[in-house]
Amino acid sequence: MERTVPSRPVTQSRQPPESRPVTGRAPSGASGAPAAPAARPRPAVPEGLGRGRPGPGHPGDLPPVHQALICVALPRLAMSADHGQLTGHGLEGVYQSGRRLLSRCLLRVAGREPVTVQGRLVDSDRARFLSVVRTPADPGPDPGIGVERSRDAEGTERITFRSSLGRTTRLPVEIAVGTDLADLGAVAAGRPGPELRATVHDAGMRWAAPDGTHAVLTADPPPKDALASAGLLRWELELPPGAARTIELRVRSGRPVRPAGRTGEPVLPEARAESDDPRADRLLRTALGDLRGLLLRDPSRPGGLYPAAGVPWRSGLAPAEALWAARMALPLGTRLAATTLHTVARTQRGGSGPDAGRIPGPLRDAGPHLPPGCTGVEATLAFPVVLAEARRWGLPDQDLVELLPAAERCLEWLRAAADGSGMLPEPSAAGLRRAETQAHAHRAALLGADLLDACGRPGADAWRDWAAQLRQCFREDFWLDDPTGGRPAAARAADGRPLPHLGSGAAHLLDTGLLGGGRLAEGLLDKTRTEQLARLLGSPAMDSGWGLRSLGSKEPGHNPFGHRTGAVRVHETAVAVTGLAAAGHDEEALSLLRGLLDAAEAFAYRLPEMYAGEQRTADAAPAPHPAACRPVAVASAAAVQVLTALAGIRPDAPAGTVALHPVRSAPLGEIRLSGLSVAGEPFAVRVSRLGLGMVEEAAPGLQLGV
């Protein structure tokens, strides 16, 4: 749940049709309810089904999703409670492109609801539910019938019944199904509308909405009875001793839609992180599965893919977050970065005027101390950085040539938007200068200059001079001295007044960007101030024990559940880990890394975008944020970034070199990272328990740099 600010909109980007973002509120004036003749009242849940399960809250509220099992293979997803029944309440259901195709799927066996004993995700796109059923034939207190339900994001459910009884059993099975074909935004707002009337169709049911949308559910084997008026399918199964029988349900709408992450050549490789700490590999494999599940097609470019921001609330293009995710995933190859850059470039403003060259994006709430920030500015400044670093990792020349003009337009916008002092003010808050934005601008200038030089374009020296002026101004205007060593201001108001609160945005001051020869670009802070910032980020006020707080615990307005006022944001924790490690501050970096890895274990290795920043105590677990997206692209890509940061891989594919700067303390013991990609070829590296790095697989001719 990244909170945007609709009251002060920024022009929306031109997004591919299948990627329209889903917000937590229904569009103004759209109820989501079908016309009365096609609908019937939502039926009461049969006795024994759905008791005590909460329905939607107040209209406009985001329903809690922290306990939902979300299977994702966009543009399809399935959301279930851990009991496995789809009750028609809350967000439960199977969705395609933001429409709920199935909202009810209630199973009864021998007149009873199965007792669920386990529900869990077994992959990013599939959940499994185990339950048992007692029948009159049971000889004692132990149930004789086991039921396994496997539900995937594509709308297929397999229900397998197994008998442990000593004689043949005739098992009556009923499945009540229904849907409202509601938009996810309307469902989230508590206004899904009534269920639609069903008609018997082939071996199942069919529903149609007045707008032409329809859903068809088929069953194999076909049911013995199908009652459209009740949405009820019935079977009589015969189970000999030790036998199993399976019913398969499929729900579809129109032509089958194949998930983008499963088409054509794999965008993301099967990378591994074999380590003395087995959690590293589980985190990486889960992150890769979630990133694949979040991929969407760009219909305007054959083979074009980009990561959606996250589900369930933002399953569309968010340019800044898509670029961040693509950048953090560069160790897996450059294809995702290339296709994402192409998609984002098509949203860039053209023409002339103050917005020419800027990438559109909505405003983002920044907490109580700062006005909303513009995600479009963040995306515009990220674009040349991602392109420059992708080139170092081995981006094909054709992509570089095609994308360079968009990067130059981003730099032209930056030049026009900067003020006379060399600072970049916020377009959404006249005169405010945000520290985080200056870090993004400084990185864009230096890596943009590197890019211009490499491509034989003019202006590189002017950008380096501009960056030097920004560094000087920042060090003079943004650093607040005090007896403890000082701190960077979060922002400067238009009147010059500093806003001194300390938050996770300061971590971006450590993210300087990759240049040639394995060198990192110079940062806005000098060495002494970088050391002080490292101490601040590693202090108990910022390091919660589970990751980096978005606002320090001693700051006014701190709220451990506030997404910009104290919650742990996974993406910014990863930025801090890699920045601290690159600057040589291993102790602070590794404390945050261990906290993040411990939190990942508590979340079954599917990290949410954020969770509560409460101070860690003995025998505690991180508290989930009830409305956080999970999975989310930047959190999944963050797992790739922090694990590869342990090896300190710094490639320069155009120069045919790669440098290793591993973390010397080897916090996870020995680790071998394989399935990575440098210069378009497989790359593997091992870091020993002594913190020594060794390349084990690389492109022919690739030399080890310093």
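Okay, let's start with a list: Leu336, Ala337, Ala338, Thr339, Thr340, Leu341, His342, Thr343, Val344 and Ala345 are the buried residues of helix α4. Buried here means under 20% relative accessible area, with a 1.4 Å probe and protein chains only. Helices are DSSP runs of H or I with at least four residues, strands are E runs of at least two, and both are numbered from the N terminus.

Quick word on what you're looking at. This is a predicted model, where local features need pLDDT of at least 70, side-chain atom pairs count only at pLDDT 80 or more, and totals for chains, interfaces and linings use all residues. Residues are numbered from 1 along each chain as its sequence is written, and side-chain values use heavy atoms, with hydrogens and water left out.

Back to α4, which spans residues 335-345 and has ten of its eleven residues buried. So what covers them? The cover includes two strands, β19 (295-297) and β20 (305-307), plus helices α3 (319-328), α5 (375-393) and α6 (397-417).

Now, cavities. A cavity is a set of points on a 1 Å grid, over the protein atoms alone, where a 1.4 Å probe fits but cannot get out; lining residues have an atom within 4 Å of a point. Grid points are joined across faces, edges and corners, and the volume is the space filled by probe spheres set on the points. Searching the whole structure gives ten cavities of 30 Å³ or more, and the largest has a volume of about 460 Å³. It has 31 lining residues, and the closest to its centre are Leu370, Arg434, Glu436, Gly505 and Arg564. β22 (373-374), α5 and α7 (435-454) each give two or more residues to that lining, with the largest share, four residues, coming from α7.

On to the strands. Two strands pair if DSSP finds at least two bridges between them. There's an open sheet of three, in the order β23-β26-β27, with antiparallel pairing. Its edge strands, β23 (433-434) and β27 (498-499), each pair on one side only. Two bridges join β23 to β26 (residues 491-492), and Arg433 has Arg492 as its bridge partner in β26.

Last stop: β33 (residues 681-687) and β34 (residues 693-697), which are antiparallel and share four bridges. Ala684 is bridged to Glu697 in β34. The two strands make a hairpin with five residues between them, and in the turn Gly691 has a positive phi of about 80 degrees.

Key
Buried means under 20% relative accessible area, exposed over 50%, partly exposed in between (1.4 Å probe, protein chains only). Contact means heavy atoms within 4.5 Å. On a 1 Å grid over the protein atoms alone, a cavity is a set of points where a 1.4 Å probe fits but cannot get out, and a pocket is an open set with protein on both sides within 12 Å along at least five of seven lines; lining residues have an atom within 4 Å of a point.
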